[in-house]
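Biologist: I'm new to this one, so could you take me through a single part of it up close? I'd like to hear about the sheet and whatever packs on it.

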Amino acid sequence: MTAKSESDKTDDESVSIPVPRMLRAARDQLADLAGLRPEGVAGFERTPDGWTVEIEVEEIPRVPETMSVMALYVVTLDSAGDLTGYRRARRYERGRTDS
């Protein structure tokens, strides 16, 4: 039996990042590029090209904190965990809920 070389492996076999590491990579790279402070991950999904991660960030801090402006960013990562793009999906005040 011979081992597969890197060129013989499929995309799913060549790079397998643990989910917690991928989520940290998404948060860290968004913070570095956009200068935003991630508050948490709202969701994530495996895609054919890598990952899509929804990250909540504080865009404008205010006092009281419940009036801070929050945003939900959609971040895309390739299968190696490198950021390939991001966009703001929505903005809202921290103390508001969806209608």
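Modeller: Keep in mind that this is a predicted model. Four strands make up an open sheet, lined up in the order 1-2-3-4, and the pairing is antiparallel. Strand 1 (37–47) and strand 4 sit at the edges with a single partner strand each, so one side of each has no neighbour in the sheet. On average, neighbouring strands here are turned by 20° against each other, direction ignored.

Now let's zoom in on one pair. Strand 3 (residues 69–78) and strand 4 (residues 83–93) are joined over nine bridges, in the antiparallel sense. You can follow the register yourself: Y73 has R88 as its bridge partner in strand 4, while V74 has R87. The two strands form a hairpin with four residues between them, and in that turn G81 has a positive phi of about 90°.

Then there's the helix. Helix 2 (residues 19–34) lies across strand 1, strand 2 (50–60), strand 3 and strand 4, and it runs at about 45° to strand 2.

The largest nonpolar core has 15 residues, and the ones touching the most other members are M22, V53, I55, V57, V75 and L77. Helix 2, strand 2 and strand 3 each supply at least two residues of this core.

V75 is a nice place to finish. Leaving aside neighbours within four places in sequence, V75 is in contact with A26, L30, W51, T52, V53, I55, L83, G85 and Y86.

Technical notes:
Residues numbered from 1 in each chain as written. Predicted model: local features only at pLDDT ≥ 70, side-chain atom pairs only at ≥ 80, totals over all residues. Heavy atoms only, no water. Pairing = 2+ DSSP bridges. Axes fitted to C-alpha atoms, helices over the stretch in contact; angles between N-to-C directions. Contact = heavy atoms within 4.5 Å. Core = buried A, V, L, I, M, F, W, Y, C linked by side-chain atoms within 4.5 Å. Buried < 20%, exposed > 50% of the residue type's maximum accessible area, 1.4 Å probe, protein only.
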